[in-house]
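Me: I'm new to this one, so could you walk me through it step by step?
Reply: Sure, here it is, and then fire away.

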Amino acid sequence: MPIPARITELTPQITHWRRALHRVPELGYELPQTTAFVADKLRAMGCDSVTTAVGRAGIVAEIIGKGKANHAIALRADMDALPITEATGAPYASEMLGKMHACGHDGHTAMLLGAAQYLCETRQFSGRAVLVFQPAEEGGAGGLAMVQDGLIPRFGISEIYALHNMPNQAAGTFAINSGAMMASADFFDITITGRGGHAAMPQDAIDAVLIAAYLITALQSITSRNIDPLDAAVLSVCMIDTDSRAPNVLPQEVRLSGTARALSAPVRDALEVRLRAVCDGVAATFGAQILVDYQRGYPVTVNSPDQAGFAGEAAQVVTGQPTANAAPMMGAEDFSYMLNASAQNGFGGAYMFLGNGHSAMLHHPAYDFNDAIIPAGVAWFAALIERRMPL
Ligand SMILES: [Zn+2]
Ligand SMILES: [Zn+2]
């Protein structure tokens, strides 16, 4: 059974939902139109419960199978868009100026709604399917908000699964691995305070610009010299600003901001420790003051080996092809909080890539979700429920 016939029949409807969501992209936790759309559909299709405002703007629906097993598997989609002005020219393009579904969360939400419709009609499983629609994946930690609102214990969730579409992976193909899929994402602000002065009399100043230049170079030695070459790590300085507004004035202060990424907790910790040490060392070298504000963001997205195996098997059932091994990516994903919460309960979960075919990359103004992959994604959600909780 590659794609169930009923899912093929539902695909035009799901595509219509996807494009309706695409027209009204909303950001973060402010998703009034999106959440109303999702909750209305879930109620209309006959879910056994629909709970709104979980983690502020999240929605959780339950569907009870024909069998009475006391087991619950969760499937998660993200609902939020990005502050990007759309450039696809699609007839269903964003109607909200400066906002766009440029990460395909409209597709994820529509596919999970499609799976809900199919599971409500068929109920060929024993236990509960829990459908999780989260807000604020794009930097707002909506996944954490739902976990902190008791998502896992409130709905008795054991395993939890999610997918993300992936541009330039063959359309409708699946890829996964049994460990880290996405990186941790931490952010830092560094303030270098020197002594401002006349650009022609540097001997009377402490030049924060020169110090910044040394510091940026020295920070790159962390990933190249302190981290095992076989471990992945990224440290990027992305913003530089000074308080000088003239080419003949040395600034008092230079501010640097950037991000640090890793695929394991020890490497993540090492990046912070070394960044602080390098800043202290450079400050001492030049007689400046360097303050570091280091903010921990999303943790590493780590699949549980057993659940990654189940997810890969479900994908193989859908495509008839062996599921590819996914290389991890250095982007971050707040599904990591849900995976960690499930793992702490002794279960775990998995996060899958679904190929979007040849397209612009995620977060690009010309990106669009590929509607042709809808049946594969819906069938994968359904296969997980039916295979992990068989009648
Ligand atoms: Zn994104
Ligand atoms: Zn995304």
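Me: In what order do the 4 strands of the open sheet come?
Reply: Keep in mind that this is a predicted model. The pairing in this sheet is antiparallel. Its edge strands are strand 10 (233-242) and strand 13 (289-295), each pairing on one side only, and the twist averages 20° from one strand to the next. Reading across, the order is 10-12-8-13.

Me: How many bridges join strand 8 to strand 12?
Reply: These two run antiparallel. One pair to look for is Asp189, whose bridge partner in strand 12 is Ser257. The number of bridges joining strand 8 to strand 12 is 10.

Me: And on the other side of strand 12, what is the bridge partner of Val234?
Reply: Here we're looking at strand 10 and strand 12, which also run antiparallel, with 9 bridges joining them. Val234 has its bridge partner in strand 12, and that residue is Arg261.

Me: Which residue in strand 13 does Ile192 stand opposite?
Reply: Strand 8 (residues 184-193) pairs with strand 13 in the antiparallel sense, over 7 bridges. Within strand 13, the residue opposite Ile192 is Ile290.

Me: Which strands does helix 7 touch as it packs on the sheet?
Reply: Two helices are worth finding here. Helix 6 (residues 208-226) lies across strand 8, strand 10 and strand 12 (253-262), at about 170° to strand 10. Helix 7 (residues 265-286) has a direction that makes about 165° with that of strand 13. The strands helix 7 touches are strand 8, strand 10, strand 12 and strand 13.

Me: What about the open sheet of 8 strands: which strands stand at the edges?
Reply: The order in that sheet is 1-2-4-3-5-16-6-15, and the pairing is mixed. An edge strand has a single partner strand, so one side of it is left without a neighbour in the sheet. That describes strand 1 (49-54) and strand 15 (324-325).

Me: What is the bridge partner of Ala175?
Reply: Look at strand 6 (residues 174-176) and strand 16 (residues 348-357), which run antiparallel and are joined by 2 bridges. The partner of Ala175 sits in strand 16, and it is Phe353.

Me: At about what angle does helix 10 run to strand 3?
Reply: Helix 8 (residues 305-319) lies across strand 5 (159-167), strand 6 and strand 16, running at about 35° to strand 16. Helix 10 (residues 374-388) lies across strand 3 (67-78), strand 4 (126-134), strand 5, strand 6 and strand 16. Its angle to strand 3 is about 155°.

Me: How many of the residues of helix 9 are buried?
Reply: Helix 9 (residues 335-344) is mostly covered. The buried residues are Phe335, Ser336, Tyr337, Met338, Leu339, Ala341 and Ser342. Helix 9 is followed by Gly346, whose phi is positive, near 90°. Of the 10 residues in helix 9, the buried ones number 7.

Me: Zooming out, what radius of gyration does the protein have?
Reply: The protein has 10 helices and 16 strands, and 49% of its 391 residues count as buried. Its C-alpha atoms fill a box of roughly 80 × 45 × 35 Å along the principal axes. With 391 residues, a compact globule would come in near 21 Å, which agrees with the protein's own radius of gyration: 24 Å.

Definitions and conventions: Residues are numbered from 1 along each chain as its sequence is written. Chains are lettered from A and ligands numbered from 1 in the order in which they are written. This is a predicted model: local features need pLDDT of at least 70, side-chain atom pairs count only at pLDDT 80 or more; totals for chains, interfaces and linings use all residues. Two strands pair if DSSP finds at least two bridges between them. Axes are lines fitted to C-alpha atoms, for helices over the stretch in contact, and angles run from 0 to 180 degrees between N-to-C directions. Two residues are in contact if their C-beta atoms, placed from the backbone, lie within 7 Å. A residue is buried if 20 or more other C-beta atoms lie within 10 Å of its own, exposed if 12 or fewer, and partly exposed in between; C-beta atoms are placed from the backbone. The radius of gyration is taken over C-alpha atoms; the globule rule is 2.2 Å times the number of residues to the power 0.38.
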